Amino acid sequence: FDYVDAGYKKRDFRAEVHAYIHDLPKMYAKSHLIVSRAGASMVAEIKASGRSAILIPYPGEEQDQELNAMALKDAGIAQIISHGQFSGTTLSQAIQRILEHPEELAQVWPNGHRRDGENATNQVVASCLQLALGQAAYDIEY
């Protein structure tokens with residue numbers, strides 16, 4: 001935290017750096033892009049937030065994070081940088097590509113994936129079930 005915060009300040013780069021975020025919904029609402037690992041909970045939160053993401057799946061024998069990330073990539077919500085390829089350069093290139101071609105990674109809600117009246121808890125549950133069962137979220141009764 002201290003290293004990243006100091007680095008941004010030294011370069012006069014406008015960013016919010018937090019050691020821990022207590023109010024994730026507020027941060028999601030303020031953000032335009034999420035950069036994260038691709039655990040099941042995070043992927044569900046990304047879908048529920050309506051934000052696009054750059055995902056760096058944590059490598060593992062199960063490859064669950066890679067599969068989670070691919071689900072969001074296939075839905076047009078995320079780009080993926082493999083753990084082995086991740087660096088400041090690859091991240092900045094991915095962000096730059098999004099800035100230059102925003103249509104390639106559209107926000108979820110403006111694309112019509114939102115269902116009116118559905119609350120965030122139901123969205124997270126549906127997303128988790130979708131990932132676990134391989135079903136479209138709208139096919140799941142909750």
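Which residue just after H4 takes a positive phi? Gly 76 does, with a phi of about 80°. Keep that spot in mind as we walk through this structure, which is a predicted model.

Start with the sheet. It is open, has three strands, and follows the order E1-E2-E3 with parallel pairing. The edge strands are E1 (33-36) and E3 (78-80), and each pairs on one side only. Neighbouring strands are turned by 15° against each other on average, direction ignored. In general, strands of a sheet pair through backbone hydrogen bonds, either parallel or antiparallel. Here E1 and E2 run parallel, and four bridges join them. To see a bridge partner, find Leu 33: its partner in E2 is Ser 52.

Now add the helices. H3 lies across E1 and E2. Its direction is at about 180° to E1. H4 lies across E2 and E3, and it runs at about 135° to E3.

Next, look at H4 itself. Its buried residues are Gln 65, Asn 68, Ala 69 and Leu 72. Seen down the helix axis, these residues fall within an arc of 95°, so they line one face of H4. The face turned away from that buried side carries Leu 67 and Asp 74, which are exposed.

What fills the largest nonpolar core? It has 12 residues. Among them are Tyr 28, Ile 34, Met 42, Val 43, Leu 55 and Ile 77. Helix H3 (40-49), strand E2 (52-55) and helix H4 (64-74) each supply at least two residues of this core. The largest share, three residues, comes from H3.

One core residue, Ile 46, makes a good place to zoom in. Leaving aside its neighbours within four places in sequence, Ile 46 is in contact with Ile 34, Arg 51, Ala 53, Leu 55, Leu 72 and Ile 77. Apart from the largest core lies another one, of six residues. It includes Ile 56, Ile 81, Ala 94 and Ile 98.

Finish with the rings. How many aromatic pairs does the structure hold? It holds one. The partners are Tyr 8 and Phe 13, with ring centres 5.0 Å apart. Their planes lie at 25°, and planes under 30 degrees apart count as stacked, so this pair is stacked. Is Tyr 8 buried, exposed or partly exposed? Tyr 8 has a relative accessible area of 32%, so it is partly exposed.

Key:
Residues numbered from 1 in each chain as written. Predicted model: local features only at pLDDT ≥ 70, side-chain atom pairs only at ≥ 80, totals over all residues. Heavy atoms only, no water. Core = buried A, V, L, I, M, F, W, Y, C linked by side-chain atoms within 4.5 Å. Buried < 20%, exposed > 50% of the residue type's maximum accessible area, 1.4 Å probe, protein only. Contact = heavy atoms within 4.5 Å. Phe/Tyr/Trp six-rings, centres within 6.5 Å; stacked < 30°, edge-to-face > 60°. Arc of directions from axis to C-beta. Pairing = 2+ DSSP bridges. Axes fitted to C-alpha atoms, helices over the stretch in contact; angles between N-to-C directions.
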